[in-house]
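User: I am a first-year student and I would like a close look at the sheets of one chain, together with the helices that lie on them. Please take me through that part slowly, and then show me how it sits beside the other chains.

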Amino acid sequence: MFATPAAPARLWLRRHGWTAGVWLLLVVLVAWYATLIPKFGSFQVTSIAKNSLPIVFLSIGQAVVVIGGGIDLGVGGMLIMTNAAAAQLMDGQSLGVVLLIAVGVLAATALLNGLVGWIINVSKVPDIVVTLATGFIYSGFALMILPSPGGGTAGGFRYLFTGSDSGIGTNFWPAVVMVTLPTALVAQWLIRTRTGLSIYATGSDRNASFLSGVRTFRAKVVAYAVGGAFAALAGLATTALTGSGDPRFSIGANAMLNSVAAIVLGGIALTGGIGSVVGAVAAAIILFTLNPILTAIGFDPNTSQVIKGGLIVAVMMVAGLLELRRRRRE
Amino acid sequence: MTAAAAARPESRRVAARFVADHPLLVLGTVLAVLVAITGVVERDYLSFDGLRNTVLFAAPLGIIAAGQTILMLTAGIDLSVAMIATGAAYVAGNQSPNGALVAILLGLTVGLAAGAANGIGVGVFRVNPLIMTLAMSSILVGLFTSWAFTILRGSTAVTDFIRAMGGGAFWDNRIPWSALVWAGVAALVIVGLRATGLGRMLYAIGDNPVAVRLAGVRAWQVLLAAYVLSGLFAALGGILLAGKAGAVDLQLAANFLLPSVAAAVIGGTSIFGGVGTYSGTVFGALILGVLNSLLTFLDAGQAVQQVVYGVIVLGLAWLYSWVTSLEE
Amino acid sequence: MPDAAPGPGNPVTGPPPLLSARGVAKRYGSVVALRSADLVVQPGEIHALLGANGAGKSTLVKILAGVIAGDAGEIAVNGAPVRPRAPSDAMAAGLATVFQDPALIPDLDVGQNLRLTRVDEAAVREWLGRIGLGDLDFDAKVRELPLPVLRLLDLARALAHDPQLLMLDEITAALPADQAEHVFAVMREWKARGRSVLFITHRLAEVMRICDMATVLRDGGNVATVAPSAGDQQDLVAAMLGDVVDEAAAETATHAVPPGAPVVLETRDLRSTDRVNGVSLRLQAGEILGIAALEGQGQDRLFDLLAGDRRPDGGEILVNGQTLHARSPYDAIRQGVVLVPADRLMALLPQRSVRENLAAPLYNTVGRWFGLARDEKERVQRAIDRLSIDTRAQRQARRLSGGNQQKVVVGRWLAAGFRTLLCFDPTRGIDIQTKAQIYDLLRELADEGAAVLLYTSELQEIPLVCDRVLVLYGGAVVDEMAPLAATEEALLTAAHGLARPVGRGG
């Protein structure tokens, strides 16, 4: 009465094929990049790892929200808001104070975005509309906190994300740890804990979740709070990378668009409940790495952008066709 | 339940039904209050001169939001409108030496091409509209940034005709020409949505795509038409913006993307599709226009403006959702 | 479980019943789902909840389980009043439910689903062993498991919660006979432990075999509470159906399809994955051809294929003698083959007006997009008149009653015109009057020369409406009957894939 059990390898591939494929693609791309430039060493690894931190964090946050059945168009606004707040508050402070500020900014943003999740639940306004609005509000806050680019942070704080006090160097360990540790933690939290599973459940089938006693309200609030925390982390990483704050609206808007593209390429369904943070992170790094690769091949940044957009469309079209064929066979 | 306890929810329901049945009355009230407040803040506002600036801002926004409204009715969205508008403006600026007609037609071609590409991606390949139009936006940014230094190098100033259309006014400089263009677009869209088969299908596909398929409609045809229309309206809006500014640059319409969605949401169009009107969006664009003027008079700056935008969108969306839930 | 204390103002003599529900009611807008239902379940009892489709059984269960809130009524468990506002509340009060739709998350694996609900995995494993699923792979994704397994998994999970009262909503409907036996064994054991089971089913034989008491609902209210015994099966049926049986039976009459009427729809060895396995049928103009089948015998897929919503893997469909190569329903509709789908919500534009709903098929080609059909008003009005659609709430179709919604779904084809009507369970969950109207309409349409293919889940209606019946089992036609021979019993026997007893039917 069971469907014939598929071979374990095939089963694994069906479950994790997309994630594995995205990581494989990342490895291939980096290897290709290594052959394109005269010297590929720890400087380049550091550069890729640290510069992809903001988009990686933003994608993790977006991934958690989307897995829970929502979407957060406000992550970009949160990024510039936390970047502005951190740069404004941290300027000239000692490392201890700076770290306290970082924790405070993180917690405050998580709380604020948890409130957004609460509003979505209570108002029954679609996620996309609420977060469109909160995105405006966050961006406004960013400009209020820091009217024009500026501010600063402590060298030690920059080291934490970039591996050097000046933000430029060859020590790739801090950045690599910053990518892998949160990814692993969130991925495990999502599939091992009851709260994490309830986020998957809410996104997969809200009605079945409710019937089996899952607190879908709470799951949504938690997902948005975690999304907020990671958007704040992205803002903090930006502060550490640039050593300053920049409240420009377009930076947030671009980052938000990239986070959505990254999670979709990473195999997370915008309908919720499907996909993994691990794939989204690889896709986020790919989106970043394409820039230096296309530059190395000789494309100017504008052509690179066209190619990137075209690639996203092509991948999504192929995915759409595959899905159509799969449904026909069912 | 006692009679008194029953009566209150009943009166609430009546109120909700009233709001639901007369959404334009509510929006009109909000608009009137905002205009009055602005008039109090700045005496000169309540004149042709004062109101003209609001309309000059609201007309391109309203036209861009026309496409957004059409797409939201189909449960879609177009995040590439700002770049389509900018691209169309760029082409129109570049072609200005060849005459206004050529400039405008070639500008609209940008909207036609980008909209058709969006429509094929969403309608035929079933790419999520958010992703499709986002990627399109990114492609257009790249294309026009590089073209600005190559094939589109040269004139960035638009001809006098487009300048008049986007920024000029008639009847003793009282009524902006762009208001006239907008009125034409509004008539076309309102009648089109109400009294054509395509209008019916746009609503229907957003309301229940399965039902539409079972009625024999091929969804991709409807979606393709919708995205092409959105592209064309965005392009027209961009050309008006170029006329208003007098010259084009790559940031021309960047700040119109989210307001175009906001105008439709404020006007009562559901992002889930099937419900909404363009007349609502017209009010939405006017409300955002008056807000823009008010905040300028208050010297509030962009920061406050964005927060206010956000609060207005959230507040009205909440009100609509509350009304619908009470109606049940 | 909290101590069983008699509720205040609830004088008791003797132990209170395990569950008592009084005057439970629920309405959705203008539609009354449950008028006023009473239900009393004693400890150590298997209690059947019976009723025709739409009688309110599922609504009552959902209220007891905390899925929806009732508008009125009192519920008490062991004498203590409870007001479950979420399924978790009901579970805490000792009520565990297996719903009609599996309450399992499709994108998680079995183990994750169990962890999600904080249930003892070992206990689930043990119960699974007893219902013949000891070897279930906990790493399997729920989406990839067949429906019967999901129902049983839901059951094992409910049992592992160790509830006072186990509520089973139509659990045997999707189960093969051997697994249904496992379920009955578990129910008996539950009873032996002094616990109770509330069992919702359509199958009276099951009620006779294992239930101690039965509560019968009709039109949202109680009509009887009886102890079923072998003799009174007919009484139960009468209680469930009310007077309908007699009224309807009086209308039974055979209609002769005119000899030599053209075959308008024909299939030859039609196949689709493992759902449809070689169906050949012929449908003549002026004929109503019935399809009888239990759940999940490929009838839905068959209708999808005929409507052009899916391409067959093998065989062919002929419309008026011409092979139909449908890429989408449009191609079938152009040939005059139209579908009234299983779920009326599939074909309804809930937020649009009745007029827009009825006129929708008129605009299915680009050529008709640039205006409105000149005769739209007349066409729509004709459909409204013919079906006597109640247009008081016409601004949004979702505000109509279920029966009127169904009429709108049928009516769009009256407005647009057709030759062959595929009707998939058009009377599910609608009131008796509308049902009669729809059947009368089908007959009228057939008399006017249309062909109708009708699947209905209510077997007793088939002989009343159809000129001929095909019985589908396992994706193939296993029997064909004339209406007079198609008694509910004969149909059920054939629908289970069993041979008809000799000397009956024919």
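Analyst: What follows goes through the two sheets of chain C and then turns to contacts between chains. Please keep in mind throughout that this is a predicted model.

Let us begin with the sheet of four strands in chain C, which is open, has the order E12-E11-E14-E15 and is held together by antiparallel pairing. Strand E12 (276-284) and strand E15 (322-323) of chain C stand at its edges, and because each has a single partner strand, one side of each is left without a neighbour in the sheet. Further in, strand E11 (residues 263-272) of chain C runs antiparallel to strand E14 (residues 314-319) of chain C, and five bridges join the two. If you would like one pair to find in the picture, look for C:Glu266, which stands opposite C:Leu318 in E14(C). Across E11, E12 and E14 of chain C lies helix H10 (residues 299-306) of chain C, whose direction makes about 60° with E12(C).

The other sheet to look at in chain C is built from six strands in the order E16-E17-E18-E13-E19-E20, and it is also described as open, although its pairing is mixed. Its edge strands are strand E16 (337-340) and strand E20 (476-481) of chain C, each of which pairs on one side only. From one strand to the next, the twist averages 20°. E16(C) is joined by four bridges to strand E17 (residues 420-424) of chain C, and the two pair in the parallel sense; here C:Val338 stands opposite C:Leu421 in E17(C). H10(C) packs on this sheet as well, touching strand E13 (288-292), E16, E17, strand E18 (451-455) and strand E19 (468-473) of chain C, and its direction makes about 155° with that of E17(C). H10(C) therefore links the two descriptions, since it lies across E11, E12 and E14 of chain C and also packs on the six-stranded sheet. Another helix, H18 (residues 488-495) of chain C, lies across E13, E19 and E20 of chain C and runs at about 35° to E19(C).Now we can turn to the neighbours of chain C and of chain A. In the contact between chain A and chain C, 19 residues of chain A meet 21 residues of chain C. On the side of chain A that touches chain C, helix H9 (194-204) and helix H10 (206-211) of chain A each supply at least two residues, and the largest share, six residues, comes from H9(A). The residues of that side divide into eleven nonpolar, six polar and two charged.

Chain A also packs against chain B, where helix H12 (residues 249-265) of chain A and helix H6 (residues 129-147) of chain B meet at an angle of about 125°, with their axes 10 Å apart. Angles from 35 to 65 or from 115 to 145 degrees count as oblique, and H12(A) and H6(B) are therefore oblique to each other. Their crossing is left-handed. The residues that make this contact divide into eight nonpolar, no polar and no charged.

Technical notes: Residues are numbered from 1 along each chain as its sequence is written. Chains are lettered from A and ligands numbered from 1 in the order in which they are written. This is a predicted model: local features need pLDDT of at least 70, side-chain atom pairs count only at pLDDT 80 or more; totals for chains, interfaces and linings use all residues. Two residues are in contact if their C-beta atoms, placed from the backbone, lie within 7 Å. Ala, Val, Leu, Ile, Met, Phe, Trp, Tyr, Cys and Pro count as nonpolar, Asp, Glu, Lys and Arg as charged, and the others, Gly among them, as polar. Two strands pair if DSSP finds at least two bridges between them. Axes are lines fitted to C-alpha atoms, for helices over the stretch in contact, and angles run from 0 to 180 degrees between N-to-C directions. A crossing is left-handed if the near helix is turned anticlockwise from the far one by less than a right angle, and right-handed if clockwise.
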